[in-house]
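Load the model in your viewer and set it to a cartoon representation. The stops below are given in the order in which to select them.

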Amino acid sequence: MNILWLKAFHVFFMIAWMAGIFYLPRLFVYHAETKHQETKDQFKIMERRLWFFVTPFAVLTLILGVLIMYEYGLGWLKASAWLHAKLTIVALFYVYHFYLYHLLKKFAADENTKSPRFYRMINELPVLALLAIVILAIIKPF
């Protein structure tokens, strides 16, 4: 029964984390489109608050994921090719998370050089990565 609680909270924190890091680049789209400094300053506040709000969810997702792997044991980790694929994509999500922080710092310093289209792309493409994670975790195709 303990493993089910770990999984439930792992999924909950992952959903909260994904919601935040899917919304942050959408704020970047609007921030990149605006020409008014007052509006830009408001976006800076929203972006910073959102990033610092979702980061604990990323940490809790990681901690619970590690605990789940621990509960299943090392044999499960060695024998699950689907898990290796999933963990690779998850690692890329953590890289993406910190790349968003890098972009946030660029916006905070009024040094954005990217177009709204770029931010739309980085907002939409990770959805496919999330779909891959869900398929790997539920279907376990290999």
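Helices and strands here are DSSP runs, of at least four residues for a helix and at least two for a strand, numbered from the N terminus. Read in those terms, the chain follows the pattern α-α-α-α-α, with 5 helices and 0 strands. Keep in mind throughout that this is a predicted model.

**Whole chain**

Start with everything selected and look along the principal axes. The C-alpha atoms fill a box of roughly 55 × 25 × 20 Å. Colour by burial next: buried residues make up 37% of the 142 residues. With the surface switched on, the accessible area comes to about 8,700 Å², and carbon and sulfur atoms account for 71% of that.

How are the contacts spread along the sequence? Among contacts between residues at least 6 apart, 76% join residues at least 24 apart.

For the charges, colour Lys and Arg against Asp and Glu. There are 15 positive and 8 negative charges, and their mean positions are 8 Å apart.

**Stop 1: R26 and E124**

The count of salt bridges in the model is 4. Select R26 and E124 for one of them: the closest N and O atoms are 3.6 Å apart. R26 belongs to helix α1 (residues 2-33) and E124 to helix α5, so this salt bridge ties together parts that are 98 residues apart in sequence. Is each partner buried or exposed? R26 is buried, at 19% relative accessible area, because the cut-off for buried is under 20%. E124 is partly exposed, at 47%.

**Stop 2: K44 with D41 and D110**

Now select D41, K44 and D110, which are linked in a network of salt bridges. Take the K44 and D41 pair to begin with; its N to O distance is 3.4 Å. Both residues sit in helix α2 (residues 37-72), 3 residues apart, so about one helical turn separates them. K44 counts as buried at 15% relative accessibility, while D41 counts as partly exposed at 34%.

Then turn to D110. Its salt bridge with K44 has the closest N and O atoms 3.0 Å apart. This pair links distant parts of the chain, with K44 in helix α2 and D110 in the loop between α4 (81-108) and α5, 66 residues apart.

**Stop 3: the backbone at D110 and K140**

Stay on D110 and show its backbone. D110 is not a glycine, yet it has a positive phi of about 55°. Most residues other than glycine have a negative phi. The residue lies in the loop between α4 and α5 and is partly exposed, with a relative accessible area of 44%.

Where is another positive phi to be found in a residue that is not a glycine? Select K140, where phi is about 50°. K140 lies in the segment after α5 and counts as partly exposed at 40% relative accessibility.

**Stop 4: K86**

Select K86 in helix α4. This lysine is buried yet has no salt bridge. What is the nearest side chain of opposite charge? That side chain is E71, 16 Å away. Show the residues around K86 as sticks: leaving aside neighbours within four places in sequence, K86 is in contact with H10, I133, L136 and A137.

**Stop 5: the nonpolar patch**

Return to the surface view and select M121, L125, L128, L131, V134, I135, I138 and I139. Together these residues form a nonpolar patch on the surface, with about 780 Å² of accessible area. Centre on L131, which is found in helix α5 (residues 116-139). L131 is partly exposed, with a relative accessible area of 45%.

**Stop 6: V66 and A108**

Finish with a distance label between the C-alpha atoms of V66 and A108. The two residues are 42 residues apart in sequence and 33 Å apart in space. V66 lies in helix α2 and counts as partly exposed, at 43% relative accessibility.

Methods
Residues numbered from 1 in each chain as written. Predicted model: local features only at pLDDT ≥ 70, side-chain atom pairs only at ≥ 80, totals over all residues. Heavy atoms only, no water. Patch = residues over 30% accessible without salt bridge, like charges linked within 9 Å, V, L, I, M, F, W, Y side chains within 5 Å. Areas by Shrake-Rupley, 256 points an atom, 1.4 Å probe, with all protein chains shown as cover. Buried < 20%, exposed > 50% of the residue type's maximum accessible area, 1.4 Å probe, protein only. Contact = heavy atoms within 4.5 Å. Lys, Arg positive; Asp, Glu negative; His and termini not counted. Charge placed at Lys NZ, Arg CZ, Asp CG, Glu CD.
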